[in-house]
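Q: Got a minute to walk through this model with me? I'd like the helix packing and the core.

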Amino acid sequence: MRAEPAPGSGKPRRFQLTRDTARPEGGGRAAPGDAPAPARQWPLLAVLGVTGAGLLVVALDAFRVGTLLIAVAMIGGAVLRWALPSVGMLAVRSRFTDMITYGGLGLAILLLSLMAQPHPWLKIPFLEDILHFTV
């Protein structure tokens, strides 16, 4: 038995394979198509560059400053995802999910780097109480 063609298409509806996936919202090029590849992906390269600089600073034994740079890169990625209509490969999921993911990870890294021992720059008293009650 043959499959009936879809109205107006002339092709059967059965066994249609998905040939492509939709790009994420904002997943277009961040620069015109005739620009060189790095220029088209400048938002992603900016976030990766600052993250790489932070990792280099951590490797050079300045842990707190390096992790602060990494946190700034993640929060910057969330801001770029919010502010720009097209961010290239920085768009992975929907705009809302990307912003929450990048911003949440950036905020967590920021707080952890500020509270790292010894000599934390930020002290949150109720966290010590939680630690004492759980141990």
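A: Here is a quick run through the fold, the helix pairs, the core and two single residues.

Q: Ground rules before we start?
A: This is a predicted model, where local features need pLDDT of at least 70, side-chain atom pairs count only at pLDDT 80 or more, and totals for chains, interfaces and linings use all residues. Numbering runs from 1 along each chain as its sequence is written, and side-chain values use heavy atoms, with hydrogens and water left out.

Q: How many helices and strands in the protein chain?
A: Five helices and zero strands. These are DSSP runs numbered from the N terminus: helices are H or I, at least four residues, and strands are E, at least two.

Q: How much of the chain is buried?
A: Of the 135 residues, 28% are buried. Buried means under 20% relative accessible area, exposed over 50%, partly exposed in between (1.4 Å probe, protein chains only).

Q: OK, helix pairs. At what angle do helix 2 and helix 3 pack?
A: About 170°, with the axes 7 Å apart. Axes are lines fitted to C-alpha atoms, for helices over the stretch in contact, and angles run from 0 to 180 degrees between N-to-C directions. Helix 2 and helix 3 are therefore roughly antiparallel, a label for angles over 145 degrees.

Q: Which residues of helix 2 and helix 3 meet there?
A: Helix 2 residues including Trp42, Val47 and Val50 meet helix 3 residues including Phe63, Leu69 and Ala73. Contact means heavy atoms within 4.5 Å. By class, this contact has 14 nonpolar, five polar and no charged residues. Ala, Val, Leu, Ile, Met, Phe, Trp, Tyr, Cys and Pro count as nonpolar, Asp, Glu, Lys and Arg as charged, and the others, Gly among them, as polar.

Q: And helix 3 against helix 4, how do their axes cross?
A: At roughly 160°, coming within 8 Å. That makes helix 3 roughly antiparallel to helix 4. Their contact divides into 15 nonpolar, five polar and four charged residues.

Q: Switching to the core. Which residues make up the largest nonpolar one?
A: Ten residues in all, among them Leu44, Val47, Met74, Leu80, Leu90 and Tyr102. A nonpolar core is a set of buried Ala, Val, Leu, Ile, Met, Phe, Trp, Tyr and Cys residues joined through side-chain atoms within 4.5 Å. Helix 3 gives the largest share, four residues.

Q: What does Tyr102 touch?
A: Beyond its neighbours within four places in sequence, Tyr102 contacts Met74, Ile75, Gly77, Ala78, Leu90, Val92 and Arg93.

Q: Last one: is Phe96 buried or exposed?
A: Exposed, because its relative accessibility is 59%. Phe96 lies in helix 4. Its C-alpha is 9.4 Å from that of Ala78, 18 residues apart along the chain.

Note on methods:
Parallel < 35°, antiparallel > 145°, perpendicular 65-115°, else oblique.
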